[in-house]
Protein chains: 2
Amino acid sequence: MKKIAVVGCTGAVGMTMLELLENTAYEVVCMASQRSAGKRLKVGDSEHLIEPFSVEGCATCDIVFLCVSGSFALEYGERLAQSSYVIDNSSAFRYADHVPLLVPPINGQRYAGEKLIANPNCSSAIALMVLGPLHDEYQLESAIISTYQAASGAGQPAMEELRERARSFTDYGDNDSAEHFAHNLAFNVIPQVDSFEDNGYTREEMKVVWELRKVLGEPDLAISTTAVRVPTLRSHAEALSLRFTKPVQSLDRVRQLLAAAAGVEVVDTPATGSYPMPMTSTYKHAVEVGRIRYNLIYKEHGLDMFISGDQLLRGAALNAFEIMQLLPD
Amino acid sequence: MKKIAVVGCTGAVGMTMLELLENTAYEVVCMASQRSAGKRLKVGDSEHLIEPFSVEGCATCDIVFLCVSGSFALEYGERLAQSSYVIDNSSAFRYADHVPLLVPPINGQRYAGEKLIANPNCSSAIALMVLGPLHDEYQLESAIISTYQAASGAGQPAMEELRERARSFTDYGDNDSAEHFAHNLAFNVIPQVDSFEDNGYTREEMKVVWELRKVLGEPDLAISTTAVRVPTLRSHAEALSLRFTKPVQSLDRVRQLLAAAAGVEVVDTPATGSYPMPMTSTYKHAVEVGRIRYNLIYKEHGLDMFISGDQLLRGAALNAFEIMQLLPD
């Protein structure tokens, strides 16, 4: 039986990974900071004793899943990978040439046995589920992406902050301070996720650019993004405007193609109010895609669509889980 | 003293118009359906007696502001315009060649004395405040727009529905039915505003396409849009990806240009958390614009930016108020 350490088990992504590991053949070791060590963590029908993180403890595990900060990952990632397979959920190693960045249904076949593997950013992982099969078929020329990102990307306490403020909301005047976001998020949208880079884009926006290029294996792919936090709890949504080299003959063919793709669910009968939404994609393993239509500018060389996927599952823990399934026995 | 009838005075847009008319030199007549007639409406320090709508009553007014349904406007608009100036907030006449569609700071100079005038869609009006001056300077080649639209666009009861559901939210399972939206909006986003057209776009999305073209006087302008309802109360936001024929030499020049434009406020020091948001643009007369940066695909021929404007003010009543100021004495 393979043994897996979940480091950072008390966070939103760590907890989601523990849920995925319930009733599997993995032996699970929960690790967190000294502060949480010794406490018990209830997940589904299981109760886990939280152990303090240690390099030695990890070394007894076949796989270490890191859902911790980038700086923590940077400090320990390479060292842990000397004895175990390490899947890192932070951005610490995503852009390093020697570290594979994997979205298994899209580029899992390129995995060559590396011990340290990067898990993508949530917005990237969700978009790639749909972009991968479309790129294979029509060759992506450019993508313009606007996101509608949930509170969960900022962690469990951020979700609580949003719930609490939405409940007690009276007016924006009362609500300007916020602990877990740059501003109050209740009844608001915030066009900032992560910090700003010199080019005026946020790091979140650039992550999507860099990661789409790396996973699709197209280092010069033309991509521009706007990442926006909206008051939803745990599913992201994204509006995609895609331009392709090859013409798209029919939208039905696009729907067939996406319906056949792993981890994708076509939800696209708008006349009956059926399209992707955070409300319906939450807790779902597949990314919902719908509102599929020809882009009015690119005509038959372009598609607009709307997608929504659970940020903690498809955008984080489920992708990591699927990476584990790629590892050699 | 000019006399103005506000028809549909009890709705969100009508009430906002009454607020704007407070302490002005206009004499105001409030009109609504038979059901509301006789009731009193308190707005600011004034109290208005609601009169039942009648063609004859309107005929005694210099200006009639219609904030009613498109079918009502279609039935009465032309007739009312035989005796009064009529400003129609619905989409009934917006695309008719003989009816001017006005956003005064952008195309007010083209007004030639017509008695029936159309007020634009909220998302169009808000975008145009920024697109107008940029088009003048750099010549817009294409625009891709994703919206983040507030509940107010669906009326006052819709705002109440969102507030109530946000307060009582426990899980999406409890919340699927909705009276004023296609689905529950609390902690959700809905990629549908208005009904669907044959090309897969919503009418709201096509309105933006048609109205930007008409107001900018560019009937073939390349535009593609995604309109999304988000759980905010009364300010829309929009992510714009713009391509220009002329190169944009500097972002500072863009900021200067927009800062000098009527009805626009540049809010663009992201390092200090300053950018457009519904929270800050609500109740503001100007449209906020920020996150101004070169589009990563179009480079010096493209700009990405984020805007936010009060849907009831800049997106509806305030634009109509500015149209009134264009009318001859």
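**Entry 1: the cavity lining**

I started with the residues around the largest cavity. From chain A, I get A:Leu162, A:Ala166, A:Ala186, A:Phe187 and A:Pro231. From chain B, the lining takes B:Leu162, B:Ala166, B:Ala186, B:Phe187 and B:Pro231. Note to self: this is a predicted model.

Which elements give two or more residues to this lining? I find helix H6 (156-168) of chain A together with helix H6 (156-168) of chain B.

Next I sorted the lining by class and got ten nonpolar residues, with no polar and no charged ones. For the volume I read about 60 Å³ in this largest cavity. I also checked how many cavities of 30 Å³ or more the structure holds, and there is one.

**Entry 2: how the copies relate**

With both chains in that lining, I turned to symmetry. I laid chain B on chain A: a turn of 180° and a shift of 0.0 Å along the axis do it, with an RMSD of 0.0 Å. The two copies are therefore related as by a two-fold rotation axis.

Which residue of chain B has the C-alpha nearest the axis? I landed on B:Arg167, whose C-alpha is 2.1 Å from it.

Then I compared the interface residues. For chain B, 98% of them are also interface residues in chain A, so the copies meet through the same surface.

**Entry 3: a sheet in chain A**

I moved on to chain A and traced an open sheet of seven strands. Reading across, I noted the order S3-S4-S2-S1-S5-S6-S7, and the pairing is mixed. At the edges sit strand S3 (40-43) and strand S7 (116-118) of chain A, each paired on one side only. Ignoring direction, I get an average turn of 25° between neighbouring strands.

I zoomed in on one pair. Strand S6 (residues 85-88) of chain A runs parallel to S7(A), with three bridges between them. Within S7(A), I found A:Ile117 opposite A:Ile87.

What does helix H3 (residues 70-80) of chain A touch on the sheet? I listed strand S1 (3-7), strand S5 (63-66), S6 and S7 of chain A. The direction of H3 of chain A makes about 170° with that of S5(A).

**Entry 4: a sheet in chain B**

Over in chain B, I followed an open sheet of six strands, ordered S9-S8-S10-S13-S12-S11. Its pairing is mixed. The edge strands here are S9 (222-226) and S11 (264-266) of chain B, and each pairs on one side only. From one strand to the next, I get a twist that averages 25°.

Parallel or antiparallel for S8 (residues 140-148) and S9 of chain B? They run parallel, joined by five bridges. One residue pair I wrote down is B:Ala143 with its bridge partner B:Ile223 in S9(B).

Last lookup of the day: helix H7 (residues 203-216) of chain B. I see this helix lying across S8 and S9 of chain B, and running at about 145° to S9(B).

Definitions and conventions. Residues numbered from 1 in each chain as written. Chains lettered and ligands numbered in written order. Predicted model: local features only at pLDDT ≥ 70, side-chain atom pairs only at ≥ 80, totals over all residues. Heavy atoms only, no water. Pairing = 2+ DSSP bridges. Helix = DSSP H or I, 4+ residues; strand = E, 2+ residues; numbered from the N terminus. Axes fitted to C-alpha atoms, helices over the stretch in contact; angles between N-to-C directions. Contact = heavy atoms within 4.5 Å. 1 Å grid on protein atoms, 1.4 Å probe; cavity = no way out; pocket = protein on both sides within 12 Å on 5 of 7 lines; lining within 4 Å. Points joined across faces, edges and corners; volume = space filled by probe spheres on them. Nonpolar A, V, L, I, M, F, W, Y, C, P; charged D, E, K, R; others polar. Least-squares fit on C-alpha atoms with pLDDT ≥ 70 in both.
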